[in-house]
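Biologist: I would be grateful for a close look at a single part of this model, namely one hairpin and its pairing. Please set it beside the other sheet pairing and the cysteines, where these help to complete the picture.

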Amino acid sequence: MLIMACGGGDDYTYIPTTPEIPDDGSNNVPTISDNDLMDLVQEETFKYFWDYAETNSGGAKERYHPKDPGLNAEVVTSGGTGFGLMAILVGVERGFITRSEAVDRLTTLLDFLENADRFHGAWSHWINGSTGAVIPFSSLDNGGDLVETAFLTQGLICVKEYFKNGSDEEKALAQQADNLWKGVEWNWYTQNQNVLYWHWSPNFGFDINLQLKGYNEVLITYVLAAASPDYSIEKPVYTNGWASGGGIKSANTQYGFPLLVKHNGNEQFGGPLFWAHYSYLGLNPKTLSDEYVDYWDVNVNHSKINYTYCVTNPKGFEDYGEDCWGLTASYTRNNDGSLGYNAHSPANDTGVISPTAAISSIPYTPQESLKAMHYFYKNKDKLLGPAGFYDAFSPENNFWVAEAYLAIDQGPQIIMIENYRSGLLWNLFMGNEDVKAGLTKLGF
C-alpha cells in the first residue's frame, strides 16, 4: 500500500481557496476549496448529532461505532449533548435542517433533560437515553458531574438566545432552556469552600474530592457558576479555585511561544488541545482577559505549540508535518493494535493524530488548520466516515484508523468552524445577560 507523505515529500500542494476539481480517476489527490471543505466538514460532522443521536431522547451518544452501531447505544453523554445543542443551531444556519425540525428535536431533548436524574441541579456524566436514569461513569461517580453539566449548560444558553424572539413555540423552548440551566446549584458544589468540586454522589458524597483548578478545560464551569442568578459563587471561589491565587500563571515558553498558564501536568508543551476548545465553544476567548492572562493568547499559543511540535516531529513519526498535525484526547491505537483511549499531547505522543485537534483549533490557527483539513480530505477514502472524519489515525502504523466517533470530539469541529466563519455561538452565548453579569463579577 502506498502511503502518501504529509510533510512535503509528495506531489500534493495545498493551495488556498482553489475551485473544486472533480477527481476523474487520473489524480489521486482530490482538491476542494476552503469554503467547500468547511461546508463538507460541518455537514458531515452534523450527522453525528442528528442522524446518529440516541433515538428516544435526541441526546448525543457517548460514542458511535459504525461497524457496531448497537455498542452503548443507550448511553447519552451530557457534555456531548450540550455540544449537540449548539451543533443543531449551526445546522439551522447552514441549511442542513429546517428551523421547525430543530424545534421539534430540541423540544424532545429538553423534555428528556427536564425529567432526567439531577443531583442538586447537576446532570450526571452519562444518562440512560430511554429512562433518564444515571449510568455510573465509575465506581464512585454515579451522581452530579459539574463540568459535564457546564458543557451542557453552555448549549442550553445558546438555545435560549437563539429562539427567545421567535414564535410562541420557540419562546417556550427558549424559556425551558433558561429554566433548566438556572436550576443548577453551582454554589452547593463548593462545600462552603473557595473552590468548586467536580463530582457529588448521593451514595458517596464528595468522596472523589476533585477540585476544579486550572489550567485545563474547566474555565466555563466557573463562568457559569458566577452567572447563575440563584446559585452563584463569589469572586474568591474563582480566585482561589480556578486561578489558585495567581498560581495559574506560567513563565514557560516553547518554540518561542509563551504558555502564559500552567497546564496541569503539561507545563512545558501544553496539554491536549481540547483544553483550547471545550470551554470556548460559547465563551469567546477573543475578548476574555482576567487579572492573570489573556485567554485568546493562551489558546493561540497552545495551538501553535502543538502544531510546531508536530512539524518538528522529534520522534520521527510517519507523515507528521505542516498539514498533518493535532494531538488531543481521543481514541488511540494500543500497542497490540486494538482500540483504546489516550490523552495525546506533545508530552504524550504515540504517533496518533486526532482530526478534531487541528480542525477545532481553526479560530486560533486558520491556515494551519485548513492545511490539516485538506490533508484529511486528501485521505478521505480512509478517514471520512458516515459522521465526519474518524476520531483518530496513525500513519506511523500502516495508516491505522480508529473507525469510531466520540461526541466530545465531533462537536467542537462543527462549532469552532462556525465560530471562525460567523461567530454564531460566541455571539449567542456572550450576548446572554446572565453570562455578562457573571463575567463582570469575576473581573473579566
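Modeller: The account below begins with the hairpin and then turns to an open sheet and to the cysteines. The model is a predicted one.

The hairpin is built from strand 11 and strand 12, with 5 residues between the strands. Strand 11 covers residues 329-333, and strand 12 covers residues 339-343. The two strands run antiparallel and are joined by 5 bridges. One of the paired positions is Arg333, whose bridge partner in strand 12 is Leu339. Within this hairpin, Gly337 adopts a positive phi near 90 degrees. As for its surroundings, strand 11 is mostly covered, since 4 of its 5 residues are buried.

Antiparallel pairing is also found in an open sheet of 3 strands, whose order is 2-5-6. Its edge strands are strand 2 (75-77) and strand 6 (134-135), each of which pairs on one side only. Strand 2 is joined to strand 5 (residues 126-128) by 3 bridges, and these two strands run antiparallel. In that pairing, Val75 of strand 2 has Asn128 of strand 5 as its bridge partner.

The cysteines remain to be described. Cys324 counts as buried because its relative accessibility is 0%, a value under the 20% cut-off. Cys158 likewise counts as buried, because its relative accessibility is 0%. A search of the whole structure for disulfides finds 0, where a disulfide would require a pair of cysteine sulfur atoms within 2.5 Å.

Key: Residues are numbered from 1 along each chain as its sequence is written. This is a predicted model: local features need pLDDT of at least 70, side-chain atom pairs count only at pLDDT 80 or more; totals for chains, interfaces and linings use all residues. Side-chain values use heavy atoms; hydrogens and water are left out. Buried means under 20% relative accessible area, exposed over 50%, partly exposed in between (1.4 Å probe, protein chains only). Two strands pair if DSSP finds at least two bridges between them.
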